[in-house]
Structure formats: C-alpha cells, structure tokens
Amino acid sequence: MVLYYVPLLCIKHFSHRMKKALITGILGQDGPYLAKLLLEKDYKVYGLIRRYSNPNFENINYLGIADDIEYIEGDLTDESSLMNIIKNIRPDEVYNLGAQSFVHSSFEQAKLTTEVNSLGVLYLLNAIKQFNPTARFYQASTSEMFGLGNDGGFQDEKTAFHPRSPYGVAKVYAYWITVNYRESYGMFTANGILFNHESPIRGKQFVTRKVTDGVARIKYGLQEKLHLGNLEATRDWGFAGDYVEAMYLMLQADTPDDYVVATGEHHSVEELVTLAFKHAGITDWKKYVAIDPRFVRPAEVPHLRGRATKAREKLGWRPKVSFEELVKMMVDADLKRYEEKN
Ligand code: NAP
Ligand code: G4F
C-alpha cells in the first residue's frame with residue numbers, strides 16, 4: 001500500500017504549479033487584503049508599486065505580509081512599463097486595483113484621474129492582449145458609476161450609470177473598455193462593481209477612517225473638532241476583507257461577467273458619526289463636529305445601496321461583517337494606535 005501511494009503523492013507534488021497573480025494598487029487598502037487572501041491560497045503574488053522617494057508599506061505591514069510579495073516598479077500611466085511587466089511575469093490573474101481613488105480630489109485633478117483610472121486600464125488590457133491574452137483580468141469598478149442612477153432605491157448590474165464626478169466618469173470608461181475587450185477579443189475580463197468598503201487600513205481622507213481616527217484623537221485629547229461635509233449622504237458600507245473574496249471568486253468563475261458587490265444596507269454619514277463616537281464612550285458628538293464647506297463636493301452622490309443578488313447566486317458570495325461590527329473594528333483599531341503612542 002505504502003509503495004503504491006508514494007509515487008502518486010510525488011506526481012501530485014511536482015505537477016502543482018503555483019499560480020501567479022499581479023496586483024496593481026498593492027499598497028492601498030484593498031491590495032494588502034487581496035494579497036493576503038491569495039498568499040493563503042498558495043499564489044505567488046507580484047505587486048506593482050510606483051517609484052517613491054519614501055515608499056509607504058504601512059498597510060501591507062499591518063497585515064504582516066510585506067516580505068511575502070514580489071514588488072515590481074511601474075505606473076498605470078506608463079504603457080511601456082506595463083507591457084514589460086506582463087511580458088516578464090506572464091501572470092495567470094491580474095487584479096487592477098490601482099487608481100486615483102479619492103472622489104473629492106478628482107474634481108481638482110480630473111486629468112490625472114482620467115489618465116490613471118481610464119487610460120491606465122486601457123494600457124493594462126493592451127499589455128495583456130499582446131503578451132498574455134489568456135490571463136484573467138479583474139477591474140475595480142465602483143458604485144460611484146451609478147451616481148444618481150437607482151432602481152427603487154437600489155443599484156444593481158442593470159441600473160443605468162449617471163456618474164457625478166470625474167472619478168465616476170473615468171471609471172465608467174474603464175468599465176466599458178473591460179467589457180469591450182471581453183466581447184471583442186474573447187479575453188477573460190470581469191468588472192467588480194464594488195460599493196464602499198472600509199477597514200482599519202482605509203485611507204484617512206475617506207469619511208469612515210477620517211471619523212474613526214478623529215474620534216480616537218478627540219478621545220485622547222489630541223484634537224478638538226472633527227470637520228466634515230455632507231452628513232446626509234448615505235452609503236452601503238462593507239468590510240474590505242469580505243469584498244476581496246468576491247474579486248477572487250469572479251476570476252475563478254467558468255465565464256467572465258460583471259457583478260455588484262454590496263451589503264444591501266445603507267446608513268447616513270450622521271449614523272456613522274453617532275455610532276463611532278458612541279463606541280468610544282462619547283454620547284454628545286455634536287459638541288465635537290463642525291460642518292465645513294471645504295468638504296462638500298461640487299456634485300454629490302446622495303444615496304448608494306447595492307443589490308448583490310447575482311454575486312450571491314452565481315459566486316456564492318455574501319458579506320460577513322455588519323456595519324456596526326465594521327465601525328467598532330475601525331474605532332478599536334484607531335484607539336489602539338493612539339493608546340500605543342501615548
Ligand atoms: P486606495 O487605498 O486609494 O489604493 C489605490 C492604490 O492605487 C494605491 O496603492 C496607489 O498607489 C495606487 N495608484 C495610484 N495611482 C497609480 C498609478 N498611476 N500607477 C500605479 N498605481 C497607482 O484604494 P482602495 O480603497 O484600495 O481601492 C482599490 C480600487 O478599488 C481602486 O481602483 C478604487 O477606485 C476601487 N474601489 C474602491 C472602493 C472602496 O470603497 N474602497 C469601492 C469601489 C471601487 P500609492 O500607494 O503609491 O498611492
Ligand atoms: O468616504 P468617501 O470619501 O467615499 P466616496 O466618495 O463614497 O468614494 C469611495 O467609495 C466609492 C464607491 O462608491 C469608491 F469608488 C471610491 O474610490 C471611494 O473609495 O465619502 C462618502 C460620503 C460622501 O457622500 C461624502 O460627501 O461621505 C460624505 N462626506 C461628508 N463629510 C465626507 C466628508 N467624505 C469625506 N471624504 N470627508 C468628509 O469630511
């Protein structure tokens with residue numbers, strides 16, 4: 001019996017080829033969570049990073065995987081760098097998470113946002129088409145594309161796009177060029193239309209982290225007021241760790257497709273603020289919050305709430321972390337950071 005099984009085990013061992021994944025935006029919020037998931041699944045992970053004078057590995061260090069990734073220099077606005085990277089690595093899967101992702105800045109930096117978020121996707125698709133056309137491609141599309149569009153208060157794959165910012169407009173181009181390369185060249189390309197997702201490593205300019213960081217600073221006497229814009233906007237907020245699983249599942253499907261990824265619940269910025277202060281033991285939050293016109297946008301997306309039925313039925317995906325658990329997780333992480341500094 002033993003002699004019979006040993007050769008079989010050897011064949012299994014040697015026939016296993018590690019899958020290769022390339023992630024752009026590896027140092028942002030989603031990049032580290034996705035890299036961690038893929039490493040756990042035994043992928044070799046390559047991360048595209050821009051040239052820096054001072055690289056910031058804080059997020060990837062936070063998840064404890066900084067040394068497990070192979071970093072390659074390149075830029076989404078530099079087509080030749082992408083061509084070389086795809087030619088040299090020949091990844092099985094490419095996750096395009098890199099973007100100028102802050103909506104507010106896109107009004108001031110519309111050209112840069114368009115170059116990175118629209119043309120960058122075209123360049124990457126061209127590189128794959130030319131050097132590795134069988135690679136599976138994930139595009140980080142967004143609920144910002146819906147903007148004013150909704151169907152009875154919800155958005156799903158059939159809802160018409162009506163973007164409200166240069167960011168949203170650029171992402172609509174990226175969405176359609178991703179669909180177009182699938183339809184024109186038979187490439188395996190998928191759009192994940194992800195609603196807002198957050199975590200303890202969310203950038204501090206986004207409202208969730210701005211609030212949880214502000215609450216922690218106020219709690220420790222390091223800040224007096226939290227300056228915010230529109231408290232009435234509602235968002236469908238989920239946990240980034242859950243959402244990267246949907247990205248992975250999209251590229252494992254039998255056929256490429258586009259999916260909304262959301263919790264189906266929405267909450268206002270005011271609810272977020274109330275809950276975050278409350279969790280830190282501060283009930284009179286109004287004393288600490290000031291409305292500041294600098295944080296109001298020229299055009300707002302008032303309400304986002306996704307219907308992720310297709311992702312649930314076809315991919316078996318569903319979110320695990322609730323809004324309340326998410327806010328608590330982020331407040332606790334920020335309190336801990338300042339506690340350690342004190
Ligand atoms: P993020 O934290 O802002 O990370 C974006 C990453 O893109 C950063 O690491 C950034 O690099 C990189 N990047 C920017 N310009 C680049 C360029 N020219 N070349 C190469 N890389 C570049 O964003 P995220 O929250 O992780 O989101 C990931 C993706 O999902 C983005 O495309 C975003 O638009 C999209 N999305 C996000 C959400 C959400 O709620 N988080 C929802 C829907 C869609 P540096 O580290 O050098 O700045
Ligand atoms: O946290 P936010 O900046 O996220 P926003 O604009 O919804 O965009 C995020 O989610 C998109 C998915 O829908 C992604 F595609 C995009 O890359 C990004 O990750 O703002 C959320 C809401 C907005 O309505 C904003 O007007 O919060 C409101 N808000 C109120 N006061 C504020 C503030 N937003 C920010 N960032 N800062 C404030 O002081």
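How much area do domain 1 and domain 2 bury between them? About 1,200 Å², with 58% of it on carbon and sulfur atoms. Keep in mind that this is a predicted model.

## Two domains

Let's start with the overall layout. The domain assignment splits the protein into domain 1, covering 10-200 + 239-265 + 304-315, and domain 2, covering 207-232 + 267-300 + 323-341. If you go from the C-alpha centre of domain 1 to that of domain 2, you travel 28 Å.

Where the two meet, twelve residues of domain 1 are in contact with 16 residues of domain 2. On the domain 1 side, three names are worth remembering: His104, Glu198 and Pro200 supply 42% of the area that domain 1 buries against domain 2, more than any other three residues.

## Ligand 2, between the domains

Now for ligand 2. Both domain 1 and domain 2 give residues to the shell around ligand 2, so this ligand lies between them. There are 24 residues around ligand 2, and the ones that come nearest are Ser101, Thr142, Ser143, Tyr167 and Arg297. Sorted by class, the shell has ten nonpolar, eight polar and six charged residues.

Some polar atoms sit at short listed distances from the ligand. A polar side-chain atom of Glu300 is 2.7 Å from an oxygen atom of ligand 2, and one of Lys210 is 2.8 Å from an oxygen atom of ligand 2. Gln205 takes part through its backbone instead: a polar atom there is 2.9 Å from a nitrogen atom of the ligand. On its own, ligand 2 has 710 Å² of accessible area, and the protein covers 96% of that. Helix H8 (207-219) and strand S8 (226-228) are the elements that give two or more residues to this shell.

## A closer look at Glu300

Since Glu300 turned up beside ligand 2, let's see where it lives. Glu300 is in the loop that runs between strand S13 (289-291) and helix H11 (309-315). Apart from its neighbours within four places in sequence, Glu300 is in contact with Leu148, Arg164, Asn230, Ala233 and Arg235.

With Asn230, the link is a polar contact of 3.0 Å between the two side chains. Glu300 also shows how the fold brings distant parts of the sequence together: Ser165 is 135 residues away along the chain, yet the C-alpha atoms of the pair are 8.0 Å apart in space.

## Ligand 1

What surrounds ligand 1? A set of 25 residues does, with Arg50, Tyr52, Asp75, Ser101 and Tyr167 the closest. You may recognise Ser101 and Tyr167, which are also among the residues that come nearest to ligand 2. The shell around ligand 1 divides into eleven nonpolar, nine polar and five charged residues.

Here too there are polar atoms to pick out, and the ligand side is an oxygen atom in each of these examples. A polar backbone atom of Asp30 is 2.8 Å from an oxygen atom of ligand 1, and a polar backbone atom of Ala99 is 3.0 Å from one. Lys171 uses its side chain, with an N or O atom 2.9 Å from an oxygen atom of the ligand. The protein covers 87% of the 900 Å² of accessible area that ligand 1 has on its own. Two or more residues of the shell come from strand S5 (136-142) and likewise from helix H7 (166-185). Strand S5 gives the most, with three residues.

Terms used: Residues are numbered from 1 along each chain as its sequence is written. Chains are lettered from A and ligands numbered from 1 in the order in which they are written. This is a predicted model: local features need pLDDT of at least 70, side-chain atom pairs count only at pLDDT 80 or more; totals for chains, interfaces and linings use all residues. Side-chain values use heavy atoms; hydrogens and water are left out. A residue is near a molecule or strand if one of its heavy atoms lies within 4 Å of it. A polar contact is a pair of N or O atoms within 3.5 Å; within protein, one must be able to donate a hydrogen and the other to accept it, and residues adjacent in sequence count only if both atoms are side-chain atoms. Accessible areas come from the Shrake-Rupley method with a 1.4 Å probe; for residues, only the protein chains shown count as cover. Helices (H or I, at least four residues) and strands (E, at least two) are DSSP runs, numbered from the N terminus. Ala, Val, Leu, Ile, Met, Phe, Trp, Tyr, Cys and Pro count as nonpolar, Asp, Glu, Lys and Arg as charged, and the others, Gly among them, as polar. Domain bounds come from an automatic or database domain assignment. Contact means heavy atoms within 4.5 Å. Buried area is the accessible area (1.4 Å probe) that two parts lose on being put together, summed over both.
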